[in-house]
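Trainee: Could we go through this model together, one question at a time?
Mentor: Happy to, so let's have it on screen.

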Amino acid sequence: MPVNVVERTLNAMELGKLNVLHLHLSDDQGFRVESIEHNLLHDRKDFFTQKDIRHLVEFAKQRRIRIVPEFDIPGHTTSWFVGYPELATEPRPHQVEIRWGVLKPTMDPTKDSTYEFLDSFFREMTALFPDEYFHIGGDEVEGSQWMQSLAINTFINKHRLGDKNGLQAYFNKRIQKMLRKYNKKLIGWEEILDEFRENLAIDKDAIIQSWKSRKSLANAIEKGYKGLLSTGYYLDHLQPATYHYRIDPILNDELWLFNEEQLSHVLGGEACMWNEYASQDTVDSRLWPRILAIAERFWSPSSINNPDFLYERLFRMSHLLDKMNTADVCEPYGFEQRSQSNKYTALVPLTTFTDALQPESELVWKLENLPFNDKMFRDIFQRWSLNDIRLRELFDDVEIANSKRLWGQDIGQLSKNLATIGKIGLQVLNYGAKRILHPNANDSMNSWPISQWMGYHNQMLYQLENQVNEVRLAAVRPVRRLLNSIKIFT
């Protein structure tokens with residue numbers, strides 16, 4: 001992410017009282033900070049210079065925001081090995097990865113040279129980032145290269161470490177001691193507590209960030225550590241704001257589980273935005289305005305949880321942030337569906353229709369909350385039913401047709417589906433007003449039982465909603481709501 005993207009993110013964070021920016025700065029797909037001492041580390045094209053980092057730290061400080069860096073070790077480290085293969089468990093030539101996921105390359109925690117390298121690296125980076133916390137990652141260490149190495153297995157047996165979790169715990173303890181030398185407190189993802197034998201557990205001044213389950217937060221607090229919750233706050237999964245709003249680092253009905261001192265160990269939460277499926281051009285629509293709902297959750301009692309009041313303010317804030325919906329009635333599918341396509345790597349440009357969409361449609365939300373008898377439904381459904389006629393010239397144009405591959409998704413099909421949804425919506429309204437199942441009096445549908453008619457249209461709505469890959473036609477929801485409420489009219 002370029003400097004200007006981070007700057008505007010910090011500006012918006014200040015508006016929402018978000019006071020810590022955690023930057024994930026190294027992974028298998030890149031190393032993003034310039035190192036003077038180890039200048040083969042950072043990517044040659046896409047990295048922050050040290051001047052950039054100093055500027056961003058000061059820029060954030062002026063907005064009362066702290067920047068916490070993360071350099072993920074000992075897994076997610078392929079990019080380190082491109083310039084320094086001797087750090088790897090398998091010291092062979094490596095390339096920066098373009099695939100996503102949990103990969104096998106890991107640092108070798110048994111060699112003193114690994115710690116000598118990391119010590120000089122930390123000395124340089126801790127001077128660059130003044131915050132008292134320093135994140136070492138520690139997640140998703142695949143471990144198979146460790147367990148296949150005769151030398152590493154000998155080391156594990158000699159030091160009575162047991163298995164790969166014990167070896168990572170040994171590594172974490174040495175890293176924690178190293179960071180303490182530079183006046184930093186270690187933060188790591190929840191896996192750094194996978195091994196908790198007394199002689200291997202990291203010291204209690206470490207911060208545990210729970211990303212897979214709420215249970216791991218409770219587990220960390222019970223063991224005497226301080227913790228952060230990220231479970232339930234993953235913005236890249238494109239869940240609606242209400243999903244995040246229902247989740248609290250500590251819910252009211254969980255208070256009895258902890259004493260007062262333990263509750264003070266819950267430092268808060270963190271919203272996560274990973275960028276496998278976001279670019280500098282689309283990340284704003286993934287962050288805002290939903291992250292404001294999470295910010296409110298962090299600053300408010302869990303008893304404040306009215307979703308209608310939330311949305312009234314959320315969309316108002318969205319306009320304040322000068323956001324614009326590219327398409328009123330479409331929403332992008334999130335991480336799960338896109339990852340299943342197996343077509344995305346770091347080299348795939350994120351410039352399709354779905355990348356431009358807001359995660360939640362303001363218009364659809366309004367329709368979902370209107371009284372059933374509101375006249376706005378008929379106006380909107382009429383407009384939708386005519387949508388494809390109005391846009392047909394666009395979709396029939398030869399040049400546009402030739403460039404459909406650039407759109408990524410079939411917008412022409414979406415337009416047809418929206419028109420069908422509008423027509424179904426009008427039929428539902430006509431049944432509510434006149435008990436007519438089909439506008440053509442001779443159509444056999446008029447003889448159907450109402451349950452068959454409803455089932456047929458619900459099935460159609462499901463197909464229309466999901467027909468175009470990676471795009472959810474959110475216009476279905478208010479029509480489905482009206483359809484399923486027909487019993488109110490009978």
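Trainee: Which loop holds P74?
Mentor: This is a predicted model, and in it P74 follows I73 through a cis peptide bond with omega of about 0°. As for its place, P74 sits in the loop between β4 (66-70) and α3 (78-83).

Trainee: Which residue is joined to P289 by a cis peptide bond?
Mentor: Start with the location: P289 is in the loop between α11 (283-287) and α12 (290-299). The cis bond there has omega of about 0°, and the residue joined to P289 is W288.

Trainee: What is the phi of R160?
Mentor: R160 belongs to the loop between α6 (150-158) and α7 (164-181). R160 is not a glycine, yet its phi is positive, at about 55°.

Trainee: How much of the chain is helix over residues 2-301?
Mentor: That range comes from UniProt, where an unreviewed entry gives residues 2-301 the feature "domain: Glycoside hydrolase family 20 catalytic". Its end C-alpha atoms are 35 Å apart. Strand makes up 11% of this stretch, and helix 37%.

Trainee: How far apart are the centres of domain 1 and domain 2?
Mentor: The domain assignment puts domain 1 at 3-356 and domain 2 at 374-487. Taken over C-alpha atoms, their centres are separated by 42 Å.

Trainee: What area do domain 1 and domain 2 bury between them?
Mentor: The size of an interface is often given as the accessible area lost when the parts come together. In terms of residues, 14 of domain 1 are in contact with 18 of domain 2. Carbon and sulfur atoms carry 48% of the area buried between the two domains, which comes to about 1,300 Å².

Trainee: Which three residues supply 48% of the area that domain 1 buries against domain 2?
Mentor: No other three residues supply more of the area on the domain 1 side. The three are V329, E331 and Y333.

Trainee: How far apart are the closest N and O atoms of R338 and E470?
Mentor: Four salt bridges are found across the interface of domain 1 and domain 2. R338 and E470 also form a salt bridge, for which the cut-off is 4 Å. Their closest N and O atoms fall within that limit, at 3.7 Å.

Trainee: Which element gives the most to the side of domain 1 that touches domain 2?
Mentor: Across this interface there are nine residue pairs in polar contact. On the domain 1 side, β10 (330-332), α14 (335-340) and α15 (353-356) each supply at least two residues. By class, that side has six nonpolar, five polar and three charged residues. With three residues, the element that gives the most is β10.

How values were computed. Residues are numbered from 1 along each chain as its sequence is written. This is a predicted model: local features need pLDDT of at least 70, side-chain atom pairs count only at pLDDT 80 or more; totals for chains, interfaces and linings use all residues. Side-chain values use heavy atoms; hydrogens and water are left out. Domain bounds come from an automatic or database domain assignment. Contact means heavy atoms within 4.5 Å. Buried area is the accessible area (1.4 Å probe) that two parts lose on being put together, summed over both. A salt bridge is a side-chain nitrogen of Lys or Arg within 4 Å of a carboxyl oxygen of Asp or Glu. A polar contact is a pair of N or O atoms within 3.5 Å; within protein, one must be able to donate a hydrogen and the other to accept it, and residues adjacent in sequence count only if both atoms are side-chain atoms. Helices (H or I, at least four residues) and strands (E, at least two) are DSSP runs, numbered from the N terminus. Ala, Val, Leu, Ile, Met, Phe, Trp, Tyr, Cys and Pro count as nonpolar, Asp, Glu, Lys and Arg as charged, and the others, Gly among them, as polar. UniProt positions are given in the numbering used here, feature names are shortened, and annotations may be inferred rather than shown by experiment.
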